[in-house]
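Q: I have a fold open on my screen and I'd like to learn how to read it. Where do we begin?

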Amino acid sequence: EVVRPVLDALPRRALKGKAVAAFDTSYRMNGLLSRFTAARRLDRQLRKLGGRRVMAPETFIVEGREGPLEDGEVERARQWAQSILACVAA
């Protein structure tokens with residue numbers, strides 16, 4: 001995981017009041033496992049650093065373990081990003 005060491009190096013409350021949104025990519029998993037995504041862990045860590053969540057964490061689905069993104073996921077990611085921009089602009 002590349003993001004964790006970067007976030008771990010930040011001082012406490014480094015993101016205080018900053019808008020944050022977390023996402024990850026993953027292959028399809030059953031409903032139980034889908035509650036334990038990297039995006040949810042990242043979201044918790046960003047908020048622990050003082051970040052202000054502007055959008056719920058999201059997982060975009062890839063084909064197999066390596067990708068590419070499944071059909072429709074690029075458009076879904078685009079819509080998610082636009083929603084984030086709208087929240088931040090408001």
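A: Let's begin with pairing: two strands count as paired if DSSP finds at least two bridges between them. Keep in mind that this is a predicted model.

Q: So in which sense do β2 and β4 pair, parallel or antiparallel?

A: Parallel: strand β2 (residues 23-26) and strand β4 (residues 58-61) are joined over four bridges. To find one of them, go to Thr25, whose bridge partner in β4 is Phe60.

Q: And which residues of β2 sit on the covered face?

A: Asp24 and Ser26 do, while Phe23 and Thr25 are on the uncovered face.

Q: On to helices. How do I read burial there, and which residues of α3 are buried?

A: Buried means under 20% relative accessible area. In α3 (residues 73-89), Glu73, Trp80 and Ile84 are buried. Looking down the axis of α3, you find these buried residues within an arc of 45°, so they line one face of the helix. They pack against β2 and β4. On the face turned away from that buried side, you'll see Leu85 and Ala89, which are exposed.

Q: What about α2: which residues are buried there?

A: In helix α2 (residues 38-48), look for Ala39, Leu42, Asp43, Gln45 and Leu46. Down the axis of α2, the buried residues fall within an arc of 165°, so they too line one face of the helix.

Q: What do the buried residues of α2 pack against?

A: Their partners are α1 (3-9), β1 (19-20), β2, β3 (52-53) and β4.

Q: Which residue with a positive phi follows α2?

A: That's Gly50, with phi near 100°.

Key:
Residues numbered from 1 in each chain as written. Predicted model: local features only at pLDDT ≥ 70, side-chain atom pairs only at ≥ 80, totals over all residues. Heavy atoms only, no water. Buried < 20%, exposed > 50% of the residue type's maximum accessible area, 1.4 Å probe, protein only. Helix = DSSP H or I, 4+ residues; strand = E, 2+ residues; numbered from the N terminus. Expected span 1.5 Å × (residues − 1). Arc of directions from axis to C-beta. Contact = heavy atoms within 4.5 Å.
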